[in-house]
Amino acid sequence: MTSIKPLAESQTKILNEQFSIAQNNWDEADHLVLGQSQAINLFKTIAIGPATQATEFEIGEQLDINRWVFNDDVLTGRAITTDQFLNRRLFNDALMVVHHRKVVHESYRNNLNADDRHVIHSCTKSLCSMLLAQAVDKGLVTKEENVNKYVTELAQHSAWHGVTVQHLWDMTTGIKYSEDYADPEADYWSYARAVGYYPTLDGSDAIGAKQWIVDNAITRVADPGTLFQYNSTLTMVMGWLLEKVYDQSLAELFANKLFEPMGISSEAHFNTDRFGFPITEGQLSLSLRDFAKAAFAHVNGGKSITGHQIVPQSYIAELSTHNQPLAAVYGRETPMFDSPFYHNHNWCLLPEIGAFTMLGIHGQFAYANPSKQLLIVGQGSYPKQDGALMMSCLKQLWHQIELATN
């Protein structure tokens, strides 16, 4: 079985004395590469793995990425080299391309290397989704059942009445919440301090994820199923639900139901709140190679590189098939994507070609095109959490790699 162990929590939470990089400013633009690669020194952390039978990808014929030319979305009308594009537009830290089960590109930037672990932020949500898919497949969870049947602590709030597991999975619960990173008054910042991303404002002990949800996720702004609203705390509810139905810790579930059969070869570092509850909406750190192993089932019929069936093939098929009702609920038309939608904690941004992706702030992604057996995995330090320019650059990168692997 894959091992789980607590790691000593940093007492000072200082990453760099000279420049005073610490828990209160780890995610500022000029600190990101340090903060995202050394989260173990910032937060309470548990280590998971490696798998007892670690597995590596085969190496295939390498892509010549230095021959590519990109359109510059900043200085429009001009071309930009691959090196400039990855470093100065996408702020990419690491990139891997897996095609037909073989690694055809692997590279590192920003002084990182293959041994480094990097926070994958909200891509962690999509991995937690795999656990829920397993539970549904085993009959432990019913998608049409109300969430408060499993997480009974939420039954006291009428806002949760009629919210099904599928609503939770698609982030269409109708629960009031704002994750506008540019708004200092958004609910996200209160939640983030509660789980320990940042120090509390008054210096008190953080209340933790579960208590924040019970105290704050109590108001409904839309009927369930009628509005998509991105909400990181819903993934924490999902993790809580999984602990309930399995009667195991979330760390044990990640260890034995994901990382062991995926064959990860390095320790995964999972930041937790002060009570030890893994922050499954965004605070998992993986090496680039293990990140690719974690996502590989998406382009391999639900099977890991070791041949284990991680999720049902039907789960992958749903993510690769256009869903008009969810596209209508998504409600944010953009010129970058045709009829996008969010389903089962994945971003179905290019349904016209059956492609979908995990996405995390600051440029983390695992783009999957199952029909081509193409997986593109990236870790980054984009200066802002998100934005149209970052998404445009990601789309251009994916398109270029799609063309190069035809």
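I take buried to mean under 20% relative accessible area. The model I am reading is predicted.

**Entry 1: the whole chain**

I began with the overall make-up. The protein chain has 13 helices and 17 strands. Its radius of gyration is 20 Å, close to the 22 Å from the globule rule for 406 residues, so the chain is as compact as a globular protein of that length. I then looked up the box around the C-alpha atoms. Along the principal axes that box is roughly 60 × 50 × 45 Å. Of the 406 residues, 58% are buried. I also checked contacts with a separation of 6 or more. Residues 24 or more positions apart account for 68% of them.

**Entry 2: strand 15**

Next I went to strand 15, residues 355–360. How many of its residues are buried? I found 6 of the 6 buried, so the strand is largely enclosed by the rest of the structure. I recalled that side chains in a regular strand alternate between the two faces of the sheet. So I looked at each face in turn. On one side I found Ala 355, Thr 357 and Leu 359, all buried. On the other side Phe 356, Met 358 and Gly 360 are buried too. Both faces of strand 15 are covered.

**Entry 3: the neighbours of strand 15**

Which strands pair with strand 15? Strand 14, residues 346–350, pairs with strand 15 in the antiparallel sense over 2 bridges. I noted Leu 350 with its bridge partner Ala 355. Trp 347 stands opposite Thr 357. These two strands form a hairpin with 4 residues between them. In that turn Gly 354 has a positive phi of about 75°.

Strand 16, residues 364–369, is also antiparallel to strand 15, and here I read 5 bridges. Leu 359 stands opposite Phe 365 in strand 16. This hairpin has 3 residues between the strands, and His 362 takes a positive phi near 65°.

**Entry 4: the sheet around strand 15**

I followed the pairing outward. The sheet is open, with 8 strands in the order 5-9-8-17-16-15-14-13 and mixed pairing. Strand 5 (58–59) and strand 13 (341–343) stand at the edges with a single partner strand each, so one side of each has no neighbour in the sheet. Helix 13, residues 388–404, packs on this sheet. I listed what the helix touches: strand 8 (92–99), strand 14, strand 15, strand 16 and strand 17 (374–380). The direction of helix 13 makes about 40° with that of strand 16.

**Entry 5: another sheet**

I turned to an open sheet of 5 strands. Its order is 1-4-11-12-10, and the pairing is antiparallel. Strand 1 (4–7) and strand 10 (118–119) are the edge strands, each pairing on one side only. Inside the order, strand 11 (residues 268–271) and strand 12 (residues 284–286) pair over 2 bridges. His 269 stands opposite Ser 285 in strand 12. Helix 9 packs on this sheet and touches strand 1, strand 4 (45–48), strand 11 and strand 12. The helix direction makes about 25° with that of strand 4.

**Entry 6: helix 3 against helix 9**

Last, I looked at what else meets helix 9. The axes of helix 3 (residues 123–137) and helix 9 (residues 250–262) come within 11 Å and cross at roughly 90°. The two helices are therefore roughly perpendicular. From helix 3 the contact uses Leu 127, Cys 128, Met 130, Leu 131 and Gln 134. From helix 9 I noted several residues, among them Leu 253, Phe 254 and Lys 257. By class, I read 9 nonpolar, 1 polar and 1 charged residues in the contact of helix 3 with helix 9.

Methods
Residues are numbered from 1 along each chain as its sequence is written. This is a predicted model: local features need pLDDT of at least 70, side-chain atom pairs count only at pLDDT 80 or more; totals for chains, interfaces and linings use all residues. Side-chain values use heavy atoms; hydrogens and water are left out. Buried means under 20% relative accessible area, exposed over 50%, partly exposed in between (1.4 Å probe, protein chains only). Two strands pair if DSSP finds at least two bridges between them. Contact means heavy atoms within 4.5 Å. Axes are lines fitted to C-alpha atoms, for helices over the stretch in contact, and angles run from 0 to 180 degrees between N-to-C directions. Angles under 35 degrees count as roughly parallel, over 145 as roughly antiparallel, 65 to 115 as roughly perpendicular and the rest as oblique. Ala, Val, Leu, Ile, Met, Phe, Trp, Tyr, Cys and Pro count as nonpolar, Asp, Glu, Lys and Arg as charged, and the others, Gly among them, as polar. The radius of gyration is taken over C-alpha atoms; the globule rule is 2.2 Å times the number of residues to the power 0.38.
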